[in-house]
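Thanks for sharing this one with me. Here are my notes, set out as numbered points so that you can follow them with the model open.

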Amino acid sequence: MVEKILARTAGRDEVQAGQNLPCRPDHMIAYDFPGYTDVMFRQMHDDFGITELAEPERYLVFIDHMLTRGDQREEDVHRVTREWCDYYGITLHEADGIGHQVMAERGYAAPGRFLIHFDGHISGAGAFNALGWGVRRDLLEGWVKGELYLDIPATTRFELTGEFQPGVDSRDLVHEIIARLGADGCAHQVMEFGGPGARTMKIDHRQSLCGMAMFTGAVSAVFEPDELMLEHVGRLTDGPLDPVWPDEDATYAAVHTIDLTELRPRVVTPGSARSANTMHAEDLADTRVTKAFIGSCASGRIEDIRAAASVLDGRTVAPGVTLNVVPTSQAVHDQAEREGLLDVLRDAGARIARSSCDFCFGYERPLDPDDICISTGVLNISGRMGSTDAGIYMGSAFTVAASAANGRISVAEVAPR
């Protein structure tokens, strides 16, 4: 599928893994952050003399960081971004939620499209049969030229069977993959998901899985299109859809079959998402927690909030534990409010915050040195959420909610569907 998407963007009938070709993204995306977006804008203008964009509609910028303090420094950062976007006629989404989610809600991540960002979690677009690629420093090439040279990646195929059991979701799946293949098991490749098990997965869970692709070493991930996804995207965009499927004789670097029914809750221990750091939650049952976080571009969508509410309904957060819940977008927040989910979480003692990336990268309510946090965030390296002496464990919303209620890492007790 990735070769078909990139062949279109390269203006060719076909491409093969290993070729280096200029590819033309459908959208070039960034979020404002000091030292990133502001620098790129200045380089475009001062170093390359670009005063007008030929196709400004291909550029997207999101204000989703540094939103929670309301101080002058935040305002100065966002003002610079607003001014540059206005100068170039670039579409700017401000405080609507985390860009990787808002991008999907606004229909930018449509089947067959190619999107680039300096943030690797753009791979979440793969849930919609789109290719989202975090190109980091090379994003400037795309912003300046409208295209960039890429090494066409090989593909590893994941044939999914079965379906998730209660209390298990795609966070457990991605950590199962890491446990089996290692943190470089798909290095420089694209992960392709399909099979009957893939078709049982909810859209939110597909986004979460694809959004964490980098922790296998992959550059991105893509789901095969199916009726559920096509109907979902069809409600978000008026344009024609251009889904791609793999050929029956497609060549893969490897093929792995995973039965979703057999998965158990997994937790990543502090340090990184390396395979050696990934354990079954039940094996960490004596590990105390002081903080819990449900949110991030990977896991703060409506299904995650439903999961947390199902675990915490009628229960309370354990004494000495703080649970912060941050919906991934304002739209998710509003839906969770309408469904009564946020009231359930408030009654359990959770703190609900506006959508942003600020909790995930330690900008808002940072961890203290003696904190032990269980999180649905995207990274748990030392200092990611505050003090370098704090410990960060990562798991699904089910596991985080159960751990918050028990004051220790716990497997959620969830009634069968």
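The points below go through the cores, the helices, the cysteines and a few loop residues.

1. A word on the source before anything else: this is a predicted model. Please read every value below as computed from that prediction.

2. Let's start with the largest nonpolar core, which has 57 residues. The members that touch the most others are Phe-41, Ile-90, Met-103, Phe-114, Leu-131 and Trp-143. Helix α1, covering residues 2-10, gives the most to this core, with 5 residues. There is also a second, separate core of 42 residues, and Phe-164, Leu-260, Ala-273 and Cys-357 are among its members. As general background, nonpolar side chains tend to be buried together in soluble globular proteins.

3. Trp-143 is a good residue to click on. Setting aside neighbours within four places in sequence, Trp-143 contacts Met-28, Ile-29, Ala-30, Met-40, Phe-41, Met-44, Tyr-59, Val-61 and Ile-90. Two of these partners, Phe-41 and Ile-90, are also listed with Trp-143 among the core members that touch the most others.

4. Next, helix α1. Its buried residues are Val-2, Ile-5, Leu-6, Ala-7, Thr-9 and Ala-10. Which strands help to cover them? Among the covering elements are β1 (20-23), β5 (114-117), β6 (131-134), β8 (154-161) and β9 (189-194). After the helix comes Gly-11, with a positive phi near 70 degrees.

5. Helices α2 (residues 37-47) and α3 (residues 72-88) pack against each other at about 35 degrees, and their axes are 10 Å apart. Their crossing is left-handed. From α2, the contact uses Asp-38, Phe-41, Arg-42, Met-44 and His-45, while α3 brings Val-80, Trp-84, Cys-85, Tyr-87 and Tyr-88. By class, that contact holds 7 nonpolar, 1 polar and 2 charged residues. Phe-41 and Met-44 of α2 appear again in the list of Trp-143 contacts.

6. Helix α10 (residues 302-312) is mostly covered, with 9 of its 11 residues buried. Those buried residues are Ile-302, Glu-303, Asp-304, Ile-305, Ala-307, Ala-308, Ala-309, Val-311 and Leu-312. The cover over them includes helices α8 (203-211), α11 (330-338), α12 (341-347) and α13 (397-406), together with strands β14 (291-294) and β15 (322-325). Gly-314, just after α10, has a positive phi of about 80 degrees.

7. How do α10 and α13 pack, and what is the angle? The angle is about 35 degrees, with the axes 8 Å apart, and the crossing is right-handed. On the α10 side the contact involves Asp-304, Ala-307, Ala-308, Ser-310, Val-311 and Leu-312, which meet Ala-397, Phe-398, Ala-401, Ala-402 and Ala-405 of α13. This contact has 9 nonpolar, 1 polar and 1 charged residues.

8. You may wonder how many disulfides there are. The count comes to 0, and two cysteines illustrate it. The sulfur of Cys-23 has its closest cysteine sulfur in Cys-210, 19 Å away, so the pair is too far apart for a bond. For Cys-360 the closest cysteine sulfur belongs to Cys-297 at 6.4 Å, which is also too far; the cut-off used here is 2.5 Å. Cys-23 is buried at 0% relative accessibility, and Cys-360 is buried too, at 7%.

9. Two loop residues other than glycine deserve a look at their backbone. Met-66, in the loop between β3 (59-63) and α3, has a positive phi near 55 degrees. Asn-129, in the loop between β5 and β6, has a positive phi near 65 degrees. For context, most residues other than glycine have a negative phi. Are these two residues buried or exposed? Met-66 counts as buried because its relative accessibility is 3%, under the 20% limit. Asn-129 is buried as well, at 0%.

10. Last, Met-214, found in the loop between α8 and β10 (220-223). Met-214 is partly exposed, with a relative accessible area of 25%. Not counting residues up to four places away in sequence, Met-214 touches Gly-120 and His-121. Its C-alpha atom is 30 Å from that of Ala-350, a residue 136 places away along the chain.

Note on methods. Residues are numbered from 1 along each chain as its sequence is written. Side-chain values use heavy atoms; hydrogens and water are left out. Buried means under 20% relative accessible area, exposed over 50%, partly exposed in between (1.4 Å probe, protein chains only). A nonpolar core is a set of buried Ala, Val, Leu, Ile, Met, Phe, Trp, Tyr and Cys residues joined through side-chain atoms within 4.5 Å. Helices (H or I, at least four residues) and strands (E, at least two) are DSSP runs, numbered from the N terminus. Contact means heavy atoms within 4.5 Å. Axes are lines fitted to C-alpha atoms, for helices over the stretch in contact, and angles run from 0 to 180 degrees between N-to-C directions. A crossing is left-handed if the near helix is turned anticlockwise from the far one by less than a right angle, and right-handed if clockwise. Ala, Val, Leu, Ile, Met, Phe, Trp, Tyr, Cys and Pro count as nonpolar, Asp, Glu, Lys and Arg as charged, and the others, Gly among them, as polar.
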